[in-house]
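Hi everyone, thanks for coming. I'd like to walk you through a structure today, starting from the inside and working outwards.

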Amino acid sequence: MTWTLSWGELSFMRQIVKEDKALIYEDWEECILPLMNSASLKLDPEFFGIDNYFAAKSLIASRSFQIDVYHGFGMVPLADLFNHKTGAEDVHFTSVSCHLDSDNDVDIENDDASYSSTVDEPFTQSSPFRNSDEGNSSVDSCNLEKSSNSEENPMFLEMIIVKDVKSGAEVFNTYGSLGNAALLHRYGFTEANNPFDIVNIDLELVVKWSLSLFSSRYSRARLSLWRRLGYSGCVSQNSEYFEISYDGEPQVELLVLLYIILLPDETYHKLDLAVPTAGDFAKSLNMILSKKRTIKSGTDSERKDLLLTKRVRDSLLSLANIRESFYGSDSLEDDIDLLKRCCRIRERKLYHSLMLRVSERTILKQLRVYASRSSKSTKRSYPLRKKFKWT
(Lines give C-alpha, C1' and ligand atoms only; values in the text may rest on other atoms or scores of the structure.)
Protein backbone atom coordinates (compact mmCIF):
# COMPACT_ATOMS: atom_id res chain seq x y z
CA MET A 1 0.00 0.00 0.00
CA THR A 2 1.16 3.52 -0.67
CA TRP A 3 -0.30 4.89 2.56
CA THR A 4 0.92 8.34 3.51
CA LEU A 5 1.41 8.50 7.27
CA SER A 6 0.45 11.69 9.05
CA TRP A 7 2.98 11.17 11.83
CA GLY A 8 6.66 11.12 10.98
CA GLU A 9 7.48 9.49 14.33
CA LEU A 10 6.22 6.11 13.08
CA SER A 11 9.66 5.32 11.70
CA PHE A 12 9.17 1.60 11.05
CA MET A 13 5.99 2.12 9.04
CA ARG A 14 7.46 5.14 7.31
CA GLN A 15 10.48 3.10 6.18
CA ILE A 16 8.28 0.28 4.85
CA VAL A 17 6.08 2.72 2.92
CA LYS A 18 9.17 4.45 1.55
CA GLU A 19 10.62 1.16 0.32
CA ASP A 20 7.26 0.10 -1.15
CA LYS A 21 6.99 3.34 -3.09
CA ALA A 22 10.51 2.93 -4.43
CA LEU A 23 9.70 -0.58 -5.70
CA ILE A 24 6.42 0.56 -7.27
CA TYR A 25 8.19 3.46 -8.95
CA GLU A 26 10.71 1.00 -10.45
CA ASP A 27 7.81 -1.08 -11.78
CA TRP A 28 6.20 1.99 -13.34
CA GLU A 29 9.48 3.12 -14.86
CA GLU A 30 10.16 -0.32 -16.33
CA CYS A 31 6.66 -1.30 -17.50
CA ILE A 32 4.55 1.85 -18.00
CA LEU A 33 6.95 4.61 -18.97
CA PRO A 34 8.07 2.87 -22.20
CA LEU A 35 4.41 2.61 -23.24
CA MET A 36 3.89 6.31 -22.56
CA ASN A 37 6.93 7.13 -24.68
CA SER A 38 5.65 5.02 -27.55
CA ALA A 39 4.43 7.34 -30.29
CA SER A 40 2.22 4.64 -31.84
CA LEU A 41 0.16 4.11 -28.66
CA LYS A 42 -0.50 7.80 -28.03
CA LEU A 43 -1.24 7.31 -24.32
CA ASP A 44 -2.41 10.34 -22.37
CA PRO A 45 0.18 11.00 -19.61
CA GLU A 46 -2.60 12.39 -17.44
CA PHE A 47 -4.01 8.88 -17.00
CA PHE A 48 -0.79 6.87 -16.90
CA GLY A 49 1.43 8.94 -14.62
CA ILE A 50 3.11 7.66 -11.46
CA ASP A 51 0.32 8.92 -9.17
CA ASN A 52 -2.28 7.01 -11.18
CA TYR A 53 -0.11 3.93 -11.03
CA PHE A 54 0.28 4.26 -7.25
CA ALA A 55 -3.50 4.50 -6.88
CA ALA A 56 -4.18 1.49 -9.12
CA LYS A 57 -1.46 -0.59 -7.51
CA SER A 58 -2.80 0.17 -4.02
CA LEU A 59 -6.32 -0.77 -5.05
CA ILE A 60 -5.24 -4.10 -6.50
CA ALA A 61 -2.86 -4.90 -3.64
CA SER A 62 -5.52 -4.31 -0.99
CA ARG A 63 -8.11 -6.52 -2.72
CA SER A 64 -6.14 -9.32 -4.37
CA PHE A 65 -5.76 -12.87 -3.10
CA GLN A 66 -2.87 -15.28 -3.45
CA ILE A 67 -4.74 -18.11 -5.13
CA ASP A 68 -2.01 -20.75 -5.30
CA VAL A 69 1.61 -21.20 -6.35
CA TYR A 70 0.74 -21.62 -10.02
CA HIS A 71 -1.78 -18.79 -10.41
CA GLY A 72 -0.18 -16.38 -7.95
CA PHE A 73 -2.19 -13.28 -7.00
CA GLY A 74 -5.50 -12.40 -8.58
CA MET A 75 -8.75 -10.56 -8.13
CA VAL A 76 -11.64 -12.69 -6.87
CA PRO A 77 -15.08 -11.23 -7.65
CA LEU A 78 -17.50 -11.08 -4.69
CA ALA A 79 -14.88 -12.42 -2.27
CA ASP A 80 -13.26 -8.98 -2.11
CA LEU A 81 -16.50 -7.22 -1.12
CA PHE A 82 -16.38 -8.18 2.56
CA ASN A 83 -14.87 -5.90 5.17
CA HIS A 84 -12.57 -7.24 7.87
CA LYS A 85 -13.34 -7.93 11.51
CA THR A 86 -10.64 -9.41 13.73
CA GLY A 87 -11.58 -12.82 15.12
CA ALA A 88 -15.29 -12.35 14.34
CA GLU A 89 -15.83 -13.25 10.70
CA ASP A 90 -19.24 -14.33 9.45
CA VAL A 91 -18.04 -16.05 6.29
CA HIS A 92 -15.32 -18.54 5.61
CA PHE A 93 -13.70 -19.10 2.23
CA THR A 94 -12.28 -22.44 1.22
CA SER A 95 -10.70 -23.73 -1.95
CA VAL A 96 -12.47 -26.79 -3.30
CA SER A 97 -10.72 -28.95 -5.86
CA CYS A 98 -13.22 -31.28 -7.54
CA HIS A 99 -12.23 -34.57 -9.08
CA LEU A 100 -14.79 -34.89 -11.90
CA ASP A 101 -14.12 -38.48 -12.87
CA SER A 102 -16.59 -39.86 -10.33
CA ASP A 103 -17.29 -42.98 -12.43
CA ASN A 104 -13.70 -44.02 -11.98
CA ASP A 105 -13.63 -43.83 -8.20
CA VAL A 106 -10.11 -45.02 -7.54
CA ASP A 107 -8.28 -44.61 -4.29
CA ILE A 108 -7.26 -40.96 -4.54
CA GLU A 109 -5.03 -41.23 -1.50
CA ASN A 110 -2.71 -43.55 -3.40
CA ASP A 111 -2.67 -41.40 -6.52
CA ASP A 112 0.13 -38.89 -6.04
CA ALA A 113 -0.79 -37.24 -9.32
CA SER A 114 -4.33 -36.28 -8.39
CA TYR A 115 -5.97 -33.69 -6.22
CA SER A 116 -7.85 -34.59 -3.10
CA SER A 117 -11.64 -34.60 -3.38
CA THR A 118 -11.85 -31.49 -1.26
CA VAL A 119 -9.36 -28.95 -0.01
CA ASP A 120 -10.77 -27.09 2.95
CA GLU A 121 -8.40 -24.27 3.77
CA PRO A 122 -8.94 -20.70 4.94
CA PHE A 123 -9.00 -18.25 2.06
CA THR A 124 -8.48 -14.69 3.18
CA GLN A 125 -6.86 -11.62 1.73
CA SER A 126 -3.92 -11.96 4.07
CA SER A 127 -3.86 -15.76 4.33
CA PRO A 128 -3.13 -17.37 0.96
CA PHE A 129 -3.80 -20.97 -0.04
CA ARG A 130 -1.16 -23.06 1.60
CA ASN A 131 0.01 -26.42 0.26
CA SER A 132 0.09 -28.94 3.08
CA ASP A 133 2.12 -32.13 3.32
CA GLU A 134 -0.32 -33.78 5.71
CA GLY A 135 -3.03 -36.24 4.73
CA ASN A 136 -5.60 -35.83 2.01
CA SER A 137 -5.78 -32.05 2.21
CA SER A 138 -2.54 -31.61 0.32
CA VAL A 139 -2.30 -30.24 -3.18
CA ASP A 140 0.77 -31.79 -4.73
CA SER A 141 3.10 -29.13 -6.10
CA CYS A 142 3.96 -31.37 -9.07
CA ASN A 143 0.38 -30.91 -10.32
CA LEU A 144 0.52 -27.15 -10.77
CA GLU A 145 0.43 -27.51 -14.53
CA LYS A 146 -2.46 -29.94 -14.29
CA SER A 147 -4.34 -27.55 -11.96
CA SER A 148 -4.42 -24.98 -14.74
CA ASN A 149 -6.54 -27.31 -16.86
CA SER A 150 -10.02 -26.43 -15.64
CA GLU A 151 -11.63 -29.28 -17.60
CA GLU A 152 -9.70 -31.92 -15.69
CA ASN A 153 -9.46 -30.38 -12.23
CA PRO A 154 -11.38 -27.13 -11.84
CA MET A 155 -10.62 -25.11 -8.73
CA PHE A 156 -13.63 -23.56 -7.05
CA LEU A 157 -13.88 -21.03 -4.25
CA GLU A 158 -16.58 -21.91 -1.75
CA MET A 159 -18.08 -19.28 0.54
CA ILE A 160 -19.59 -20.64 3.76
CA ILE A 161 -21.59 -18.72 6.35
CA VAL A 162 -20.16 -19.77 9.71
CA LYS A 163 -22.68 -18.16 12.06
CA ASP A 164 -26.10 -16.58 12.06
CA VAL A 165 -26.29 -13.04 10.74
CA LYS A 166 -29.32 -10.85 11.27
CA SER A 167 -31.15 -9.61 8.21
CA GLY A 168 -29.75 -6.27 7.11
CA ALA A 169 -26.54 -6.62 9.15
CA GLU A 170 -23.11 -6.34 7.51
CA VAL A 171 -21.38 -9.62 6.74
CA PHE A 172 -17.69 -9.69 7.66
CA ASN A 173 -14.71 -11.70 6.53
CA THR A 174 -11.33 -11.74 8.25
CA TYR A 175 -8.08 -10.80 6.53
CA GLY A 176 -6.10 -12.67 9.17
CA SER A 177 -4.71 -12.12 12.67
CA LEU A 178 -3.12 -8.75 11.92
CA GLY A 179 -2.10 -5.84 14.10
CA ASN A 180 -2.97 -2.27 13.24
CA ALA A 181 0.38 -1.55 11.60
CA ALA A 182 -0.14 -4.43 9.15
CA LEU A 183 -3.80 -3.49 8.57
CA LEU A 184 -2.87 0.12 7.86
CA HIS A 185 0.00 -0.81 5.59
CA ARG A 186 -1.88 -3.43 3.57
CA TYR A 187 -5.46 -2.22 3.61
CA GLY A 188 -5.52 1.39 4.79
CA PHE A 189 -7.49 1.06 8.04
CA THR A 190 -7.09 0.18 11.73
CA GLU A 191 -9.18 -1.32 14.52
CA ALA A 192 -9.68 -0.12 18.08
CA ASN A 193 -8.54 -2.53 20.83
CA ASN A 194 -6.92 -4.87 18.33
CA PRO A 195 -5.58 -7.87 20.33
CA PHE A 196 -3.00 -8.60 17.63
CA ASP A 197 -1.34 -5.20 17.93
CA ILE A 198 2.41 -5.17 18.49
CA VAL A 199 5.18 -2.62 18.79
CA ASN A 200 8.54 -3.22 17.16
CA ILE A 201 11.80 -2.29 18.87
CA ASP A 202 14.58 -2.34 16.30
CA LEU A 203 17.79 -4.19 17.04
CA GLU A 204 19.53 -1.00 15.93
CA LEU A 205 17.84 0.87 18.77
CA VAL A 206 19.01 -1.76 21.29
CA VAL A 207 22.56 -1.52 19.96
CA LYS A 208 22.51 2.29 20.24
CA TRP A 209 21.22 1.97 23.79
CA SER A 210 24.09 -0.41 24.59
CA LEU A 211 26.61 1.97 23.05
CA SER A 212 25.32 4.73 25.33
CA LEU A 213 26.37 2.58 28.30
CA PHE A 214 29.31 0.54 27.10
CA SER A 215 32.11 0.69 24.57
CA SER A 216 31.68 -0.33 20.97
CA ARG A 217 33.94 -3.34 21.47
CA TYR A 218 31.97 -4.44 24.53
CA SER A 219 28.62 -4.12 22.71
CA ARG A 220 29.82 -5.96 19.62
CA ALA A 221 31.17 -8.84 21.71
CA ARG A 222 27.90 -9.26 23.64
CA LEU A 223 25.85 -9.13 20.45
CA SER A 224 28.18 -11.66 18.83
CA LEU A 225 27.75 -14.07 21.73
CA TRP A 226 23.97 -13.72 21.50
CA ARG A 227 24.12 -14.68 17.82
CA ARG A 228 26.51 -17.57 18.45
CA LEU A 229 23.97 -18.93 20.91
CA GLY A 230 21.57 -19.20 17.98
CA TYR A 231 19.39 -16.15 18.62
CA SER A 232 18.08 -13.51 16.26
CA GLY A 233 15.21 -11.06 16.06
CA CYS A 234 12.37 -10.92 13.57
CA VAL A 235 13.44 -9.86 10.09
CA SER A 236 11.33 -7.88 7.62
CA GLN A 237 12.05 -5.25 4.97
CA ASN A 238 15.81 -5.49 5.67
CA SER A 239 15.19 -4.62 9.34
CA GLU A 240 15.77 -6.81 12.40
CA TYR A 241 13.52 -6.10 15.35
CA PHE A 242 11.82 -7.45 18.47
CA GLU A 243 8.08 -7.56 19.02
CA ILE A 244 6.28 -6.28 22.11
CA SER A 245 2.86 -7.94 22.38
CA TYR A 246 -0.51 -6.29 23.01
CA ASP A 247 -0.22 -6.81 26.78
CA GLY A 248 3.31 -5.37 26.93
CA GLU A 249 5.31 -8.61 27.05
CA PRO A 250 8.61 -8.45 25.17
CA GLN A 251 9.89 -11.16 22.86
CA VAL A 252 12.10 -13.57 24.79
CA GLU A 253 14.97 -13.03 22.34
CA LEU A 254 15.14 -9.40 23.46
CA LEU A 255 15.31 -10.43 27.11
CA VAL A 256 18.14 -12.86 26.35
CA LEU A 257 20.09 -10.13 24.53
CA LEU A 258 19.65 -7.65 27.38
CA TYR A 259 20.61 -10.33 29.89
CA ILE A 260 23.85 -11.07 28.01
CA ILE A 261 24.69 -7.38 27.54
CA LEU A 262 24.35 -6.81 31.28
CA LEU A 263 26.25 -9.89 32.47
CA PRO A 264 29.27 -9.14 34.70
CA ASP A 265 32.54 -9.55 32.83
CA GLU A 266 33.58 -12.68 34.73
CA THR A 267 30.25 -14.39 34.08
CA TYR A 268 30.28 -13.31 30.45
CA HIS A 269 33.74 -14.79 29.87
CA LYS A 270 32.69 -18.09 31.45
CA LEU A 271 29.70 -18.26 29.14
CA ASP A 272 31.80 -17.20 26.16
CA LEU A 273 34.24 -20.06 26.82
CA ALA A 274 31.46 -22.54 27.52
CA VAL A 275 29.65 -22.03 24.20
CA PRO A 276 32.08 -24.01 21.97
CA THR A 277 32.30 -26.89 24.49
CA ALA A 278 28.71 -27.03 25.65
CA GLY A 279 27.38 -26.84 22.13
CA ASP A 280 24.05 -25.29 22.94
CA PHE A 281 22.56 -22.41 24.83
CA ALA A 282 20.73 -24.50 27.44
CA LYS A 283 23.89 -26.16 28.78
CA SER A 284 25.97 -22.98 28.65
CA LEU A 285 23.51 -20.75 30.43
CA ASN A 286 22.72 -23.48 32.95
CA MET A 287 26.38 -23.39 33.97
CA ILE A 288 26.17 -19.65 34.59
CA LEU A 289 22.84 -19.61 36.38
CA SER A 290 23.57 -22.69 38.51
CA LYS A 291 19.87 -23.59 38.31
CA LYS A 292 18.08 -26.73 37.23
CA ARG A 293 15.86 -24.77 34.89
CA THR A 294 17.34 -23.39 31.71
CA ILE A 295 16.33 -20.79 29.20
CA LYS A 296 15.31 -23.35 26.62
CA SER A 297 13.36 -25.61 28.98
CA GLY A 298 10.03 -24.94 30.60
CA THR A 299 7.40 -22.44 29.53
CA ASP A 300 8.00 -19.01 28.04
CA SER A 301 6.80 -17.49 31.30
CA GLU A 302 9.36 -19.45 33.34
CA ARG A 303 12.15 -18.51 30.95
CA LYS A 304 11.22 -14.85 31.05
CA ASP A 305 11.04 -14.84 34.86
CA LEU A 306 14.54 -16.28 34.94
CA LEU A 307 15.84 -13.51 32.70
CA LEU A 308 14.04 -10.60 34.35
CA THR A 309 16.72 -9.35 36.71
CA LYS A 310 16.43 -5.82 38.03
CA ARG A 311 18.97 -4.54 35.51
CA VAL A 312 17.10 -6.16 32.62
CA ARG A 313 13.85 -4.59 33.86
CA ASP A 314 15.52 -1.21 34.10
CA SER A 315 16.83 -1.70 30.55
CA LEU A 316 13.32 -2.42 29.30
CA LEU A 317 12.16 0.82 30.89
CA SER A 318 14.96 2.71 29.15
CA LEU A 319 14.12 1.15 25.77
CA ALA A 320 10.41 1.88 26.25
CA ASN A 321 11.20 5.51 27.02
CA ILE A 322 13.52 5.82 24.01
CA ARG A 323 10.89 4.26 21.73
CA GLU A 324 8.26 6.57 23.24
CA SER A 325 10.40 9.59 22.37
CA PHE A 326 9.76 8.90 18.68
CA TYR A 327 6.26 10.33 19.11
CA GLY A 328 7.37 13.81 20.15
CA SER A 329 6.40 15.89 23.14
CA ASP A 330 2.63 15.28 23.10
CA SER A 331 1.45 12.81 25.73
CA LEU A 332 -0.57 9.66 25.16
CA GLU A 333 -3.53 11.40 26.74
CA ASP A 334 -3.16 14.26 24.23
CA ASP A 335 -3.26 11.75 21.38
CA ILE A 336 -6.32 9.99 22.81
CA ASP A 337 -8.13 13.31 23.11
CA LEU A 338 -7.21 14.23 19.53
CA LEU A 339 -8.41 10.83 18.32
CA LYS A 340 -11.77 11.34 20.01
CA ARG A 341 -12.19 14.68 18.25
CA CYS A 342 -11.08 13.37 14.86
CA CYS A 343 -13.77 12.56 12.28
CA ARG A 344 -13.32 9.04 10.97
CA ILE A 345 -15.10 9.89 7.70
CA ARG A 346 -13.76 13.33 6.80
CA GLU A 347 -10.26 12.85 8.26
CA ARG A 348 -9.76 9.17 7.46
CA LYS A 349 -5.97 9.21 7.10
CA LEU A 350 -5.44 11.26 10.24
CA TYR A 351 -7.88 9.07 12.17
CA HIS A 352 -6.18 5.78 11.32
CA SER A 353 -2.69 7.21 11.80
CA LEU A 354 -3.78 8.40 15.24
CA MET A 355 -5.31 5.02 16.01
CA LEU A 356 -2.02 3.30 15.21
CA ARG A 357 -0.10 5.88 17.23
CA VAL A 358 -2.37 5.48 20.26
CA SER A 359 -2.24 1.68 19.98
CA GLU A 360 1.55 1.63 19.92
CA ARG A 361 1.94 4.10 22.77
CA THR A 362 -0.54 2.11 24.86
CA ILE A 363 1.57 -1.02 24.35
CA LEU A 364 4.69 0.89 25.39
CA LYS A 365 2.83 1.95 28.52
CA GLN A 366 2.05 -1.71 29.17
CA LEU A 367 5.72 -2.55 28.63
CA ARG A 368 6.68 -0.07 31.34
CA VAL A 369 4.14 -1.68 33.68
CA TYR A 370 5.56 -5.10 32.81
CA ALA A 371 9.12 -3.96 33.51
CA SER A 372 8.16 -2.26 36.79
CA ARG A 373 6.04 -5.10 38.12
CA SER A 374 8.70 -6.62 40.36
CA SER A 375 11.01 -3.66 40.53
CA LYS A 376 10.77 -1.34 43.52
CA SER A 377 12.49 1.45 41.64
CA THR A 378 11.87 2.47 38.05
CA LYS A 379 14.94 4.66 37.96
CA ARG A 380 18.06 3.55 36.12
CA SER A 381 20.50 1.82 38.42
CA TYR A 382 23.43 3.19 36.44
CA PRO A 383 24.01 6.53 34.68
CA LEU A 384 24.32 6.90 30.93
CA ARG A 385 27.90 7.33 29.82
CA LYS A 386 26.84 9.65 27.05
CA LYS A 387 23.66 11.24 25.87
CA PHE A 388 21.54 8.92 23.74
CA LYS A 389 20.56 10.33 20.37
CA TRP A 390 18.44 8.64 17.70
CA THR A 391 19.16 9.71 14.16
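**A walk through the core and the sheet**

Let's start in the middle. The largest nonpolar core in this predicted model has 44 residues, and the ones with the most contacts inside it are Val 206, Trp 209, Leu 254, Leu 258, Leu 316 and Leu 319. Which elements give two or more residues to this core? They are E7, H6, helix H7 (216-228), E9, helix H8 (252-261), helix H9 (265-278), helix H12 (310-324) and helix H14 (348-372). The largest share comes from H8, with nine residues.

If you'd like one residue to click on, try Leu 316. Leaving aside residues up to four places away in sequence, Leu 316 touches Pro 250, Leu 254, Leu 255, Leu 258, Leu 308, Leu 367, Tyr 370 and Ala 371. There is also a second, separate core of seven residues, and among them are Leu 339, Cys 342, Tyr 351 and Val 358.

Now let me zoom out for a moment. The chain has 391 residues, and 44% of them count as buried. Its secondary structure comes to 14 helices and nine strands. Among contacts with a separation of 6 or more, 71% are between residues 24 or more positions apart. As for the outside, the accessible surface is about 21800 Å², and 52% of that belongs to carbon and sulfur atoms.

Next, the sheet. In what order do its strands lie? Three strands form an open sheet in the order E7-E9-E8, with antiparallel pairing. Strand E7 (199-202) and strand E8 (234-236) are the edge strands, each pairing on one side only. Neighbouring strands here are turned by 50 degrees against each other on average, ignoring direction.

Let's take the two pairings in turn. E7 is joined to strand E9 (residues 239-244) by four bridges, and the two run antiparallel. Along that pairing, Asn 200 stands opposite Glu 243, and Val 199 stands opposite Ile 244. Over on the other side, E8 and E9 pair in the antiparallel sense over three bridges, with Val 235 opposite Glu 240. E8 and E9 make a hairpin with two residues between them, and Gln 237 in that turn has a positive phi of about 50 degrees. E9 itself is mostly covered, with five of its six residues buried.

So what packs on this sheet? That would be helix H6 (residues 203-211), which touches E7 and E9, its direction making about 50 degrees with that of E7.

Please keep Gln 237 in mind, as we meet that residue again from another part of the chain. Ile 16 sits in helix H1 (residues 11-36). Is Ile 16 buried or exposed? It counts as buried because its relative accessibility is 7%, under the 20% cut-off. Not counting residues up to four places away in sequence, Ile 16 touches His 185 and Gln 237. The C-alpha atoms of Ile 16 and Ser 239 are separated by 9.6 Å, although these residues are 223 apart along the chain.

His 185 takes us to helix H5 (residues 180-187), where six of the eight residues are buried, so this helix is largely enclosed by the rest of the structure. The buried ones are Asn 180, Ala 181, Leu 183, Leu 184, His 185 and Tyr 187. After H5 comes Gly 188, with a positive phi near 85 degrees.

One more stop of this kind is Phe 172, in strand E6 (residues 172-173). Phe 172 counts as buried, because its relative accessibility is 14%. Its contacts, again leaving out residues up to four places away in sequence, are Phe 82, Asn 83, His 84, Lys 85, Ala 88, Glu 89, Asp 90 and Val 91. With His 84, the C-alpha separation is 5.7 Å across 88 residues of chain.

Last, the cysteines. A disulfide is a covalent bond between the sulfur atoms of two cysteines. How many disulfides are there? The count comes to zero. Take Cys 343: the nearest cysteine sulfur, that of Cys 342, is 7.0 Å away, and Cys 343 is in no disulfide. Cys 31, for its part, counts as partly exposed because its relative accessibility is 41%.

That's the tour. Thanks for listening, and I'm happy to go back to any part of it.

Methods
Residues are numbered from 1 along each chain as its sequence is written. This is a predicted model: local features need pLDDT of at least 70, side-chain atom pairs count only at pLDDT 80 or more; totals for chains, interfaces and linings use all residues. Side-chain values use heavy atoms; hydrogens and water are left out. Two strands pair if DSSP finds at least two bridges between them. Axes are lines fitted to C-alpha atoms, for helices over the stretch in contact, and angles run from 0 to 180 degrees between N-to-C directions. Contact means heavy atoms within 4.5 Å. A disulfide is a pair of cysteine sulfur atoms within 2.5 Å. Buried means under 20% relative accessible area, exposed over 50%, partly exposed in between (1.4 Å probe, protein chains only). Accessible areas come from the Shrake-Rupley method with a 1.4 Å probe; for residues, only the protein chains shown count as cover. A nonpolar core is a set of buried Ala, Val, Leu, Ile, Met, Phe, Trp, Tyr and Cys residues joined through side-chain atoms within 4.5 Å.
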